[in-house]
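Welcome! Here is a short, friendly briefing to help you find your way around a structure you have not met before.

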Amino acid sequence: MLGEAEQQRLFIFIKKCEDLEGIFMPYNALPLNWRKFPERYNLEGSYCETCDTYYFPARVLCHKCRRKGKIVTKEMPRIGTIISYTKVHVGLKGFEHETPYYLALVDLGKGVKLLTQIVDSDDSKVKVGAKVKKIFRKINEGSKIGPISYGYKFKVIK
Ligand SMILES: [Zn+2]
């Protein structure tokens, strides 16, 4: 939790970003980035030891076991399989410069599925059933002087 002085500095920083670039930047962007480090950098999710269930993104409570579930932090598998994908031609704000790009639903096994960008892969190799592995890439830049987000994307390996 940020103290009042830190919140004020953050607010001034965000205001400067908006003034400089005339863009909207969510007030929780920096803390959100920090909170997402374990998930984005290490594919860290959670695991219920009581019922052997994996969760990604992480949960604090197992929906099957409720209070009886013993939740621990666990890294998710780094190899998966594309189960569905699309080629994006009109990107979201902040991703326009990357179009066209692939967005895929990847099955990591153990019941874990995630939506991710597929990069560094030939068009011919991006298909349902393709094996992919996690790689570390820049996700986006909030602004020229704002935070740069890094995290996982996936690449076809065969
Ligand atoms: Zn459980």
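Val-132 makes a good starting point in this predicted model: beyond its neighbours within four places in sequence, Val-132 is in contact with Gly-80, Ile-82, Val-106, Ile-118, Phe-154, Lys-155, Val-156 and Ile-157. Val-132 also belongs to the largest nonpolar core, and it is listed there with Ile-82, Val-106 and Ile-118 as a residue with the most contacts inside that core. From here, the points below move outward by topic.

**The core around Val-132**
- The largest nonpolar core holds 14 residues.
- At least two of these core residues come from β5 (101–109), and at least two come from β8.
- Domain 2 (42–76) and domain 3 (77–158) each give at least three residues to this core.
- Val-132 also has a place in the strand pairing, for Gly-80 stands opposite Val-132 in β7.

**The chain as a whole**
- The protein chain contains three helices and eight strands.
- Reading along the sequence, you meet them in the pattern α-α-α-β-β-β-β-β-β-β-β.
- The protein chain has 158 residues, and 17% of them count as buried.
- Among contacts with a separation of 6 or more, 48% are between residues 24 or more positions apart.

**Pairing among β4, β5, β7 and β8**
- Strand β4 (residues 79–88) and strand β7 (residues 131–141) run antiparallel and are joined by three bridges.
- In this pairing, Thr-81 faces Lys-131 of β7.
- β4 also pairs with β5 in the antiparallel sense, over seven bridges.
- Here Val-88 is the residue opposite Tyr-101 in β5.
- On to the next pair: β7 and strand β8 (residues 148–156) are antiparallel, with nine bridges between them.
- Lys-134 is found opposite Phe-154 of β8.
- As a general reminder, strands of a sheet pair through backbone hydrogen bonds, in either a parallel or an antiparallel way.

**The three-stranded sheet**
- An open sheet of three strands follows the order β2-β1-β3, and its pairing is antiparallel.
- β2 (53–55) and β3 (71–75) are the edge strands, each with a single partner, so one side of each has no neighbour in the sheet.
- From one strand to the next, the twist averages 35°.
- Strand β1 (residues 44–48) pairs with β2 in the antiparallel sense, over three bridges.
- Ser-46 has Tyr-55 in β2 as its bridge partner.

**Val-112, a link across the sequence**
- Val-112 sits in strand β6 (residues 112–118).
- Is Val-112 buried or partly exposed? Val-112 counts as partly exposed because it has 18 C-beta neighbours inside 10 Å, while a buried residue needs 20 or more.
- Setting aside neighbours within four places in sequence, Val-112 is in contact with Gly-45, Tyr-54, Phe-56 and Met-76.
- Val-112 and Tyr-54 are 58 residues apart in sequence, yet their C-alpha atoms are 6.6 Å apart in space.

**Backbone details to look for**
- Phe-56 and Pro-57 are joined by a cis peptide bond, with omega about 0°.
- Pro-57 lies in the loop between β2 and β3.
- Another cis peptide bond joins Thr-99 and Pro-100, with omega about -10°.
- You will find Pro-100 in the loop between β4 and β5.
- Leu-43 is not a glycine, but its phi is positive, near 50°.
- The place of Leu-43 is the loop between α3 (37–42) and β1, and Leu-43 counts as buried because 20 C-beta neighbours lie inside 10 Å.
- Asp-120 also has a positive phi, of about 50°, without being a glycine.
- Asp-120 lies in the loop between β6 and β7, and Asp-120 is exposed, with 10 other C-beta atoms within 10 Å.

**How confident the prediction is**
- The mean pLDDT of the protein chain is 84, and 81% of the residues score at least 70.
- Among the elements, β4 has the highest mean pLDDT (96), and helix α1 (residues 4–21) has the lowest (66).
- The pLDDT is below 50 over residues 21–25, a stretch that has ten contacts in the model beyond near neighbours in sequence.
- Where pLDDT is low, the predicted coordinates should not be read in detail.

Notes. Residues are numbered from 1 along each chain as its sequence is written. This is a predicted model: local features need pLDDT of at least 70, side-chain atom pairs count only at pLDDT 80 or more; totals for chains, interfaces and linings use all residues. Two strands pair if DSSP finds at least two bridges between them. Helices (H or I, at least four residues) and strands (E, at least two) are DSSP runs, numbered from the N terminus. Axes are lines fitted to C-alpha atoms, for helices over the stretch in contact, and angles run from 0 to 180 degrees between N-to-C directions. A nonpolar core is a set of buried Ala, Val, Leu, Ile, Met, Phe, Trp, Tyr and Cys residues joined through C-beta atoms within 7 Å. A residue is buried if 20 or more other C-beta atoms lie within 10 Å of its own, exposed if 12 or fewer, and partly exposed in between; C-beta atoms are placed from the backbone. Domain bounds come from an automatic or database domain assignment. Two residues are in contact if their C-beta atoms, placed from the backbone, lie within 7 Å. pLDDT is the predictor's confidence in each residue, from 0 to 100.
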